[in-house]
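Student: Please take a close look at the metal site. Then follow the chain outward from there, part by part.

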Amino acid sequence: MPATPEALTDHSASGVLEVRWSDGSVHELPHALLRRRCRCAACEQQRRSGATIAVAEGVRLTALHPISNQGLNLVFSDGHGRGIYPWAYLAALGAELSPVA
Ligand SMILES: [Zn+2]
C-alpha cells in the first residue's frame, strides 16, 4: 500500500485530484467521490442515520490544506470543508477505483 504522496495535482476543469504515490502508482480521485466519502462527524452521523448524502456531480475542490504530513483537509464548492482525508484513506479510495499500476 502506498504510504506517502510525492505529488498532488488538482485538475479542477475535469474535477479530478491526481495523487502520485512514492511507489510510483497514480490515483485519480473524482472530486464528487471525495465529497461523497467525507468522513467528518456530520457526514458520519448522516450515514449512521441512513440518510443519503446528496452530492452534485459538479462539485469541485476549492482548497486543499495539508494536515502536517498525515493527509489533507479538503474544502468543496458546496461549502463543505471539515473533512480530513488521511493518506491511507485516499490510497484506499484510489485502490477502489483502479488497481495500482
Ligand atoms: Zn463531511
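Tutor: We start at the metal, move into the strands and end with some side chains.

This is a predicted model, where local features need pLDDT of at least 70 and side-chain atom pairs need 80 or more, while totals for chains, interfaces and linings use all residues. Numbering runs from 1 along each chain as its sequence is written, and side-chain values use heavy atoms, with hydrogens and water left out.

Four residues coordinate the zinc ion: Cys 38, Cys 40 and Cys 43 through SG, and His 80 through NE2. The distances are 2.1 to 2.3 Å. Donors here are N, O and S atoms within 2.8 Å of the metal (3.2 Å for Na, K and Ca); water is not among the atoms, so sites may look incomplete. The angles between the four donor atoms run from 102 to 114°, so the arrangement is tetrahedral (four donors, all angles between 85 and 135 degrees). The ideal angle for four tetrahedral donors is 109.5 degrees.

Along the chain, the donors of the zinc ion are spaced C-x1-C-x2-C-x36-H. Cys 40 sits in the loop between helix 1 (31-36) and helix 2 (41-48). His 80 sits in the loop between strand 5 (71-76) and strand 6 (83-86). The pair therefore ties together parts that are 40 residues apart in sequence. Helices (H or I, at least four residues) and strands (E, at least two) are DSSP runs, numbered from the N terminus.

Are Cys 40 and His 80 buried or exposed? Both are buried. Buried means under 20% relative accessible area, exposed over 50%, and partly exposed in between (1.4 Å probe, protein chains only). Cys 40 counts as buried because its relative accessibility is 7%. Cys 38 is buried too, at 1%. The disulfide count is zero, where a disulfide is a pair of cysteine sulfur atoms within 2.5 Å.

Now the strands. Strand 5 is mostly covered, with five of its six residues buried. Strand 5 pairs with strand 4 (residues 61-67) in the antiparallel sense, over six bridges. Strand 5 also pairs with strand 6 in the antiparallel sense, over four bridges. Two strands pair if DSSP finds at least two bridges between them. Take Gly 71 in strand 5. Ile 67 stands opposite Gly 71. In strand 6, the bridge partner of Gly 71 is Pro 86.

Each pairing has its turn. Strand 5 and strand 6 form a hairpin with six residues between them, and Gly 79 in that turn has a positive phi of about 95°. Strand 4 and strand 5 form a hairpin with three residues between them. Ser 68 belongs to the loop between strand 4 and strand 5. The phi of Ser 68 is near 40°, positive in a residue other than glycine. Most residues other than glycine have a negative phi. Ser 68 is exposed, with 58% relative accessible area.

Next, the side chains. Which rings pair up? The count comes to one aromatic pair. The ring centres of Tyr 85 and Tyr 89 are 6.1 Å apart and the planes meet at 35°, so the pair is tilted. Rings of Phe, Tyr and Trp (its six-membered ring) pair with centres within 6.5 Å; planes under 30 degrees apart count as stacked, over 60 as edge-to-face and the rest as tilted. Tyr 85 is buried at 0% relative accessibility, and Tyr 89 is buried at 14%. Arg 39 lies over the face of Tyr 89, at 4.0 Å from the ring centre. For such a contact, NZ of Lys or CZ of Arg is within 6 Å of the ring centre and within 35 degrees of the ring normal.

Last, helix 1 and the strands before it. Leu 34 lies in helix 1. Leu 34 is buried, at 0% relative accessible area. Leu 34 and Leu 61 are 27 residues apart along the chain, with their C-alpha atoms separated by 8.9 Å. Strand 3 (residues 26-30) has a covered face, His 27 and Leu 29, and an uncovered one, Val 26, Glu 28 and Pro 30. Five bridges join strand 3 to strand 2 (residues 16-21), and the two run antiparallel. Leu 17 stands opposite Leu 29. Val 26 is partly exposed, at 29%. C-alpha to C-alpha, Val 26 and Gly 94 are 8.4 Å apart, though 68 residues apart in sequence.

How values were computed. Four donors count as tetrahedral if all angles lie between 85 and 135 degrees; four count as square planar and six as octahedral if opposite donors are over 155 degrees apart and all others between 65 and 115; anything else is irregular.
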